[in-house]
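Trainee: Could you take a close look with me at one part of this model, the place where two helices pack together? I would enjoy a connected account.

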Amino acid sequence: MDPTTDNAGQTGDTGTARDALEALRAEIAKAVVGQDPAVTGLVVALLCRGHVLLEGVPGVAKTLLVRALAAALELDTKRVQFTPDLMPSDVTGSLVYDTRSAEFSFQPGPVFTNLLLADEINRTPPKTQSSLLEAMEERQVTVDGTPRFLPDPFLVAATQNPVEYEGTYPLPEAQLDRFLLKLTIPLPSRQDEIDVLTRHAEGFNPRDLHAAGVRPVAGPADLEAARAAVAKTTISPEITAYVVDICRATRESPSLTLGVSPRGATALLATARAWAWLTGRDYVIPDDVKALALPTLRHRVQLRPEAEMEGVTADSVINAILAHVPVPR
């Protein structure tokens with residue numbers, strides 16, 4: 001996110017909301033070193049009412065990042081450690097018999113929160129993974145035939161380990177498609193790692209964000225104002241056609257067995273729109289589409305086995321497509 005001033009014709013509330021969301025980066029940096037792209041991706045997901053899949057090796061602050069975001073946005077957050085024996089009701093909640101009233105009452109699960117951290121989601125069987133699908137898509141949970149609505153905003157930030165596959169259950173394509181973005185959390189640079197160790201040597205406690213100085217700099221009202229402003233961001237017919245051409249090119253790529261669906265094209269248009277607003281414009285340009293293409297599309301395509309054996313990656317295929325699809329002028 002780049003600091004900007006208001007465009008002419010935009011309201012003061014819009015500028016205030018953008019400033020508040022821009023301040024998130026500096027506030028989260030008090031707890032998490034680097035990872036600006038991941039912070040921006042989480043903000044984009046909140047603006048689009050989407051969900052995020054975080055992929056990175058253990059120990060790169062995925063959990064800390066989500067907790068710091070919740071603290072800086074003054075949102076409620078809960079964490080679920082996904083394990084092979086986790087049951088769907090452990091996520092959504094269940095009916096509990098009350099002996100005093102002789103009735104069943106609903107006990108909400110951890111999904112009833114603003115930011116749900118689904119840690120190592122691929123370590124639980126598909127039945128439990130699928131317990132999140134209704135919550136992610138419909139913003140509600142149905143227990144015993146009764147729908148129960150989740151709070152707004154609601155975001156699932158699911159993590160998975162990219163290097164350890166023993167005892168894991170890969171997410172099916174239909175579930176992957178429900179995530180708006182897939183963000184890769186890289187290992188820090190040498191200097192960033194030195195900064196991390198220096199902070200810990202000086203007494204930094206990742207479990208005490210208040211002591212680290214993380215304070216709320218934005219809230220649900222700012223987020224709602226931002227969402228309203230994003231919805232007014234102009235998308236030209238040329239940009240819409242550009243997004244369609246990119247997604248259709250993935251379906252024709254010889255390296256892929258599965259290309260991007262129309263839902264993925266809609267997601268790319270939405271994330272590009274949010275990014276345009278965050279960078280201070282009330283209209284979308286091709287660079288906005290390019291900036292969000294990788295995190296929005298990389299988990300929506302499937303490589304052919306022979307391409308994977310040759311070292312081809314989803315990112316390299318998408319980058320090649322971006323280089324060849326004509327850019328509107």
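Mentor: Here is a walk through that helix pair, with a short look at two other spots afterwards. This is a predicted model, where local features need pLDDT of at least 70, side-chain atom pairs count only at pLDDT 80 or more, and totals for chains, interfaces and linings use all residues. Residues are numbered from 1 along each chain as its sequence is written, and side-chain values use heavy atoms, with hydrogens and water left out.

Our pair is α2 (residues 36-47) and α3 (residues 62-73), whose axes come within 11 Å and cross at roughly 55°. Helices here are DSSP runs of H or I with at least four residues, numbered from the N terminus, and axes are lines fitted to C-alpha atoms over the stretch in contact, with angles from 0 to 180 degrees between N-to-C directions. That crossing angle makes α2 oblique to α3, a class left over once angles under 35 degrees (roughly parallel), over 145 (roughly antiparallel) and 65 to 115 (roughly perpendicular) are taken out. From α2, Ala-38, Val-39, Leu-42 and Leu-46 meet Leu-65, Leu-69 and Leu-73 of α3, contact being heavy atoms within 4.5 Å. The residues of this contact are seven nonpolar, no polar and no charged, with Ala, Val and Leu among the types counted as nonpolar.

Elsewhere, Lys-182 lies in strand β9 (residues 181-184), a strand being a DSSP run of E with at least two residues. Lys-182 counts as buried because its relative accessibility is 15%, and buried means under 20% relative accessible area (1.4 Å probe, protein chains only). Phe-106 and Phe-112 are buried too.

Key: Buried < 20%, exposed > 50% of the residue type's maximum accessible area, 1.4 Å probe, protein only.
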